[in-house]
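Open the model in your viewer and show side chains as sticks. The tour goes from a pocket to the cysteines.

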Amino acid sequence: MNTIQLQPIDETLVSTVAVARCADGNGTLTPLFFSDHVLDIARAKAICARCALAESCLRDALEREEPWGVWGGELLSGGRIVANKRPGGRPPKRPRPPVIVDEFGVVEPGDEPVTVN
């Protein structure tokens, strides 16, 4: 009969430090957090909304006066928080509805898709 021996866990090797949701180790989300597209910015903010480190991320970014990007769930430009990113080009004649993105929202059968212009 095969037996398995369990080894005790070395607690010094287990990390208890929180890791940011955007830090995947490969930088695959970096373009999302530094994009000029309104939908990408909304997606980055949605990722930050569920991150345990969002508050400290934003505080540190403001201290460093980060030139631009999404930090801690807020859009920064010139080291300051910007309420929303205005798309390039001429403003629309009728105001567009705000872009709201739920990171992993549930889509129920029969829901109509939302289009972003």
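Which residues lie nearest the centre of the second largest pocket? Select Ala20, Cys22, Phe33, Cys57 and Trp71. They belong to a lining of 22 residues. Keep in mind that this is a predicted model.

Now colour by element. Helix H1 (30-33), helix H2 (38-49), helix H3 (54-64) and strand E1 (68-71) each give two or more residues to this lining. Pick out H3: this helix gives the most, with three residues.

Next, turn on a surface for the pocket. Its volume is about 260 Å³. Colour the lining by class. You should find 14 nonpolar, six polar and two charged residues.

Two of the names picked at the pocket centre are cysteines, Cys22 and Cys57. Stay with that residue type. How many disulfides does a search of the whole structure find? The count is zero.

Why is there no bond at Cys48? Select Cys48 and Cys57, and draw a distance between their sulfurs. Cys57 holds the closest cysteine sulfur to that of Cys48, yet the gap is 6.1 Å, too far for a bond. A disulfide needs the two sulfur atoms within 2.5 Å. Check the setting of Cys48 too: its relative accessibility is 10%, so this residue counts as buried.

Move on to Cys51. Its closest cysteine sulfur is in Cys22, 6.3 Å away, which is also too far for a bond. Is Cys51 buried or exposed? Cys51 is buried, with a relative accessible area of 16%.

To finish, show Cys22 and Cys57 again: both lie among the residues nearest the pocket centre.

Key: Residues are numbered from 1 along each chain as its sequence is written. This is a predicted model: local features need pLDDT of at least 70, side-chain atom pairs count only at pLDDT 80 or more; totals for chains, interfaces and linings use all residues. Side-chain values use heavy atoms; hydrogens and water are left out. Buried means under 20% relative accessible area, exposed over 50%, partly exposed in between (1.4 Å probe, protein chains only). On a 1 Å grid over the protein atoms alone, a cavity is a set of points where a 1.4 Å probe fits but cannot get out, and a pocket is an open set with protein on both sides within 12 Å along at least five of seven lines; lining residues have an atom within 4 Å of a point. Grid points are joined across faces, edges and corners, and a volume is the space filled by probe spheres set on the points. Helices (H or I, at least four residues) and strands (E, at least two) are DSSP runs, numbered from the N terminus. Ala, Val, Leu, Ile, Met, Phe, Trp, Tyr, Cys and Pro count as nonpolar, Asp, Glu, Lys and Arg as charged, and the others, Gly among them, as polar.
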